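Here is a short report on one protein chain. Read it with the sequence and the coordinates at hand.

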Amino acid sequence: VKKYRHEERESESQVGVCAGLAYNQRGGEILMVETSLMSGSGQVVITGQLGDVMKESALAAFSLVKGKSGELGIDPVLFTNHDFHIHVPDGATPKDGPSAGVTLTTALVSLLTNTPVRPDIAMTGEITLRGKVTAIGGVKEKTIGAMRSGIRNIILPLDNKKDVDDIPEEVREKVTFHFVSTVREVLDLVLEKKTASARKTGKRTVKKKAQ
């Protein structure tokens with residue numbers, strides 16, 4: 001009997017859902033981040049038994065996206081008349097650590113621009129409020145976990161490029177690494193490009209807040 005159930009990658013692209021990489025007592029694995037918005041007043045709800053560090057990453061990601069909404073093509077009105085929910089499934093497992101910033105940011109931008117995220121790619125890296133991507137730990141374990149979950153493309157901070165040499169060769173041969181130093185580079189890699197017709201007709205359906 002399996003002691004743990006490891007997360008598997010999404011089979012199709014999703015809006016507001018992004019695969020990150022984590023390292024815990026199970027070893028390395030992918031960590032799905034889900035986001036949604038509904039009518040409200042700009043509040044942010046974070047669930048999924050996240051530790052203080054990861055909660056701070058979520059708030060930093062939200063502030064980054066809100067502060068750069070103009071550059072990202074996001075209507076700033078969305079931040080004043082909607083509430084936001086950030087959720088990491090498997091609430092029975094505590095989650096913490098400074099490496100989910102890029103994943104949280106990508107999920108939020110996907111949600112707010114109604115743009116799907118590629119399902120064949122996962123990422124790890126922390127962010128600054130200026131949009132820089134900073135180094136993280138556990139590259140070897142996270143890469144092995146990603147490959148086990150069916151991921152063949154991995155985004156890593158540029159400063160972690162040296163750590164790839166520690167990954168077993170049989171794993172490196174099956175994975176393509178993308179090294180980034182800014183959030184913009186991450187978004188260009190993972191957000192699926194919209195066609196001209198989709199941009200013209202794409203409209204968001206917003207959940208109404210329960211009465």
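N114 lies in the loop between helix 3 and strand 6 (116–117). In this predicted model, its phi is near 55 degrees, a positive value in a residue other than glycine. Most residues other than glycine have a negative phi. N114 is partly exposed, because its relative accessible area of 26% falls between the 20% limit for buried and the 50% limit for exposed.

Q49 also has a positive phi, about 55 degrees, although Q49 is not a glycine. Its place is the loop between strand 4 and helix 1 (52–67). Relative accessibility is 42% at Q49, so this residue counts as partly exposed.

**Overall make-up**

The chain has seven helices and 11 strands. Of its 211 residues, 45% are buried. Take the contacts in the chain with a separation of 6 or more: residues 24 or more positions apart account for 75% of them.

**Helix packing**

Helix 3 (residues 101–113) packs against helix 1 and against helix 6 (residues 183–190). The table sets out the two pairs.

| Helix pair | Angle | Axis separation | Crossing |
|---|---|---|---|
| Helix 1 and helix 3 | about 40 degrees | 9 Å | right-handed |
| Helix 3 and helix 6 | about 60 degrees | 10 Å | right-handed |

Start with helix 1 and helix 3, which pack at about 40 degrees. That angle makes helix 1 oblique to helix 3, because it lies between the 35 degrees that bound roughly parallel and the 65 degrees where roughly perpendicular begins. Helix 1 brings M54, S57, A58, A61, F62, L64 and V65 to the contact. Helix 3 meets them with G101, L104, T105, L108, V109 and L112. The residues of this contact divide into 10 nonpolar, three polar and no charged.

Now helix 3 and helix 6, which pack at an angle of about 60 degrees. Helix 3 is therefore oblique to helix 6. On the helix 3 side, the contact is made by V102, T105, T106 and V109. On the helix 6 side, V183, V186, L187 and V190 take part. These residues divide into six nonpolar, two polar and no charged. T105 and V109 of helix 3 appear in the contact with helix 1 and in the contact with helix 6.

**A107 in helix 3**

Is A107 of helix 3 buried or exposed? A107 is buried, because its relative accessible area is 0%, and buried means under 20%. What does A107 touch, leaving aside its neighbours within four places in sequence? The contacts are with G16, C18, V33 and T35. Two of these partners, V33 and T35, fall within strand 3 (residues 27–39). The C-alpha atoms of A107 and E34 are separated by 6.8 Å, and the two residues are 73 apart along the chain.

**Strand pairing**

Strand 5 (residues 82–87) pairs with strand 3 in the antiparallel sense, over six bridges. Within that pairing, M38 has D83 of strand 5 as its bridge partner. Strand 5 also pairs with strand 4 (residues 44–47), here in the parallel sense and over four bridges. T47 has H87 of strand 5 as its bridge partner.

**Two other buried sites**

S99 is in the loop between strand 5 and helix 3. At 12% relative accessibility, S99 counts as buried. Which residues does S99 contact, leaving aside its neighbours within four places in sequence? They are L21, T124, G125, E126, I136 and K142.

V171 belongs to helix 5 (residues 169–172). V171 is buried, with a relative accessible area of 6%. Leaving aside neighbours within four places in sequence, V171 is in contact with T143, I144 and M147. V171 and M147 are 24 residues apart in sequence, and their C-alpha atoms are 7.5 Å apart in space.

Definitions and conventions. Residues are numbered from 1 along each chain as its sequence is written. This is a predicted model: local features need pLDDT of at least 70, side-chain atom pairs count only at pLDDT 80 or more; totals for chains, interfaces and linings use all residues. Side-chain values use heavy atoms; hydrogens and water are left out. Buried means under 20% relative accessible area, exposed over 50%, partly exposed in between (1.4 Å probe, protein chains only). Contact means heavy atoms within 4.5 Å. Axes are lines fitted to C-alpha atoms, for helices over the stretch in contact, and angles run from 0 to 180 degrees between N-to-C directions. Angles under 35 degrees count as roughly parallel, over 145 as roughly antiparallel, 65 to 115 as roughly perpendicular and the rest as oblique. A crossing is left-handed if the near helix is turned anticlockwise from the far one by less than a right angle, and right-handed if clockwise. Ala, Val, Leu, Ile, Met, Phe, Trp, Tyr, Cys and Pro count as nonpolar, Asp, Glu, Lys and Arg as charged, and the others, Gly among them, as polar. Two strands pair if DSSP finds at least two bridges between them.
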